[in-house]
Amino acid sequence: MTNFIETGDEAGERELRQDTSSRLERRMPYYLTAIFAVLALIALIPIAQNSKNRPITGNTVVRGYGRDLDSPKGAKEIGPLQILQRQLQRTPAYDVGARQTLHFSLGRLLHEKGYYTSALEQYDKAESLAKTNKDRSKIILNRAQAEFARGRVATSREIVRQLLAVIDQKAVGELPGLLHALGDTEVELGMIDKGLKTYDRALEAATLNDDTQEIILIMADKGEALTRLGKSQEALATLTQARRKTEALGKSLQGLSPLVGAKVDSYLGAVLHGLGSSEKAKTYYQKALAVQEKQLAPSHPDLISTRLSFARLWHDFGDAPRCLREFAEVERIILDGPNEGPGRSRALLLMSDFSRLVGHLEEAHSKAQEGIKLQKDVFDTREHPEIAIANANLGSVLHDLGRYTEAKKHYQDALELQLKLLGGEHPEVAATHNSLGTLYQDLHMVPEAVDHFTKCLEIQRKTVSESSPDVANTYNNLATVLFQQGRAPDARELLKKAVAILDALGVAASSPERALYEENLQEVEEKLRSHSQSKSDMGFEGSVIM
């Protein structure tokens, strides 16, 4: 966002200046919600492979894993995990099949609760007891998914690739799930085009297996991947098709899990939100939450994803206090979890971004640094899209602190990695160009600022709707530098477009963005009227303010 301030030596001289508080307000939460959503789908994949399998519910008491899970303090109920542990203790060593099943079930339960290291130990024990290739494949797939969930994406991808290389792909029923998991790892590592091709292979395999639920899950992931690539309209078409399949399967009473439909609704809401259809997005978010809040624990990544998306929506509606309250609650839930994998880092980066938004810059700086440090401990590759996010986040904090040289380096590092992983036409790349534009404007390097804002707008026009609030923000930012160049008429037209977008979206009058754009437009029009009157008094016409 930008606003007018007094500047220069001449009295009354006005200039548009960047207010960097909005530099990452949409980008950071959106990308993390996408990541949380992928993790949520990973949790559903093993369930989809066998319609008889369902998540274990109820109070769960864990002994020997650091804390009680989902059980109030002092509760005496015996939960599923404790029951499984007791059954394992009572099962004789010679009953290999039963022990394998119990170790695998323990692994699944720990996996779903976020205790990935302990889950991997159980999967390893189950694999050592497996006697058939089918059982072994199923266990290895779950092990790959646990590695994925704890941030070891490259490791997960290698496990799946090795398994695909040795199995009989025509005979193994788990092939759709394996290809699905491989596609997830490729997308997460930024190889989105490759991941989309793998999803198509997974869809073919699932279609041959007549597994409609797995087809819907793959289509949902494919839609999310298309969104990451900036192909919002294709994503919308894919997710709409998935929703139709969900509705058809639900009507046929074939036992579709409501959580699958909720996942599709959450993704649809996110795509529509990015396209600027805020009211429609709200409807889909509400549908998703209606199911997820009843059936999922507060810390489940599926529910976290939808709540984060909804928080962003409230911000776009101009209800910043509600947005901040929602984010604060989500952050509390994340930080109160097992903290294995990248979840802690993601929460810190979210808190950093919102601390920056409310002006707590030193706190934002500290959290961003801690989040980046945790990434180094978690990720098994330095070429990960989340590392680019973290660099851009820290760059924004340093920018607001006035440490421009350091900020520029982090922005450029983020852009370099994004271009390598995501390509040149992606919303994340546009957002980093926007950040660099604000930086160069603050450094009074106007041509460079115009260049980056223009690149940002060009990418957005190819990847998101003209009615997106992000496009409105770029119109406003570009208007500020055009005004500095003396191109007030051009600046006026861009600001009118920015306000028109908010009108079309139904953004409230109390919205900070609306107030800012309208204030800027008023200032430009006053300047133009004053200039026109001055020239009229002098007896000649003109429109360009130099």
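The following dialogue works through how several labels are assigned in this predicted model.

Student: What is the mean pLDDT of the protein, and which elements have the lowest and highest mean values?

Tutor: The mean pLDDT of the protein is 80, and 81% of its residues reach 70 or more. Among the elements, strand β1 (residues 2-6) has the lowest mean, 39, whereas helix α18 (residues 404-422) has the highest, 95. Over residues 1-14 the pLDDT is below 50, although this stretch has 42 contacts in the model beyond near neighbours in sequence. Residues 16-76 also have a pLDDT below 50, and that stretch has 204 such contacts.

Student: How many helices and strands does the protein have, and how much of the protein counts as buried?

Tutor: The protein has 23 helices and two strands, and of its 546 residues 57% count as buried. Of the contacts with a separation of 6 or more, 62% are accounted for by residues 24 or more positions apart.

Student: Why is H365 called buried or exposed?

Tutor: The relative accessible area of H365 is 10%, and the cut-off for buried is under 20%, so H365 is buried. H365 lies in helix α16 (residues 361-378). Leaving aside neighbours within four places in sequence, H365 is in contact with L394, V397, L398, L401 and R403.

Student: What makes I501 count as buried, and which residues is I501 in contact with?

Tutor: I501 has 7% relative accessibility, which is set against the limit of under 20%, and therefore I501 counts as buried. Its place is in helix α22 (residues 488-505). Once neighbours within four places in sequence are left aside, I501 is in contact with E466, S467, S468, P469, V471, A472 and Y475. The C-alpha atoms of I501 and D470, which are 31 residues apart along the chain, are separated by 9.8 Å.

Student: Why is D210 called buried or exposed, and where is D210 found?

Tutor: D210 has a relative accessible area of 64%, and because exposed means over 50%, D210 is exposed. D210 is found in the loop between α8 (192-208) and α9 (212-228). The phi of D210 is near 55°, a positive value in a residue other than glycine.

Student: How do you know whether H444 is buried or exposed?

Tutor: The relative accessible area of H444 is 58%, and the value for exposed must be over 50%, so H444 is exposed. H444 is found in the loop between α19 (427-442) and α20 (446-463), and H444 has a positive phi of about 60° although it is not a glycine.

Student: How many disulfides are counted, and why are C323 and C456 called buried?

Tutor: A disulfide requires a pair of cysteine sulfur atoms within 2.5 Å, and by this rule the count comes to zero. C323 has a relative accessible area of 1%, and C456 likewise has 1% relative accessibility; the limit is under 20%, so C323 is buried and C456 counts as buried.

Student: Which residues have the most contacts inside the largest nonpolar core?

Tutor: The largest nonpolar core has 72 residues, and those with the most contacts inside it are V160, L164, L178, I192, L196, I216 and F327. With neighbours within four places in sequence left aside, L178 is in contact with L141, V160, L163, L164 and I167. A second, separate core of 45 residues includes V429, V471, A491 and V499.

Definitions and conventions: Residues are numbered from 1 along each chain as its sequence is written. This is a predicted model: local features need pLDDT of at least 70, side-chain atom pairs count only at pLDDT 80 or more; totals for chains, interfaces and linings use all residues. Side-chain values use heavy atoms; hydrogens and water are left out. Helices (H or I, at least four residues) and strands (E, at least two) are DSSP runs, numbered from the N terminus. Buried means under 20% relative accessible area, exposed over 50%, partly exposed in between (1.4 Å probe, protein chains only). A nonpolar core is a set of buried Ala, Val, Leu, Ile, Met, Phe, Trp, Tyr and Cys residues joined through side-chain atoms within 4.5 Å. Contact means heavy atoms within 4.5 Å. pLDDT is the predictor's confidence in each residue, from 0 to 100.
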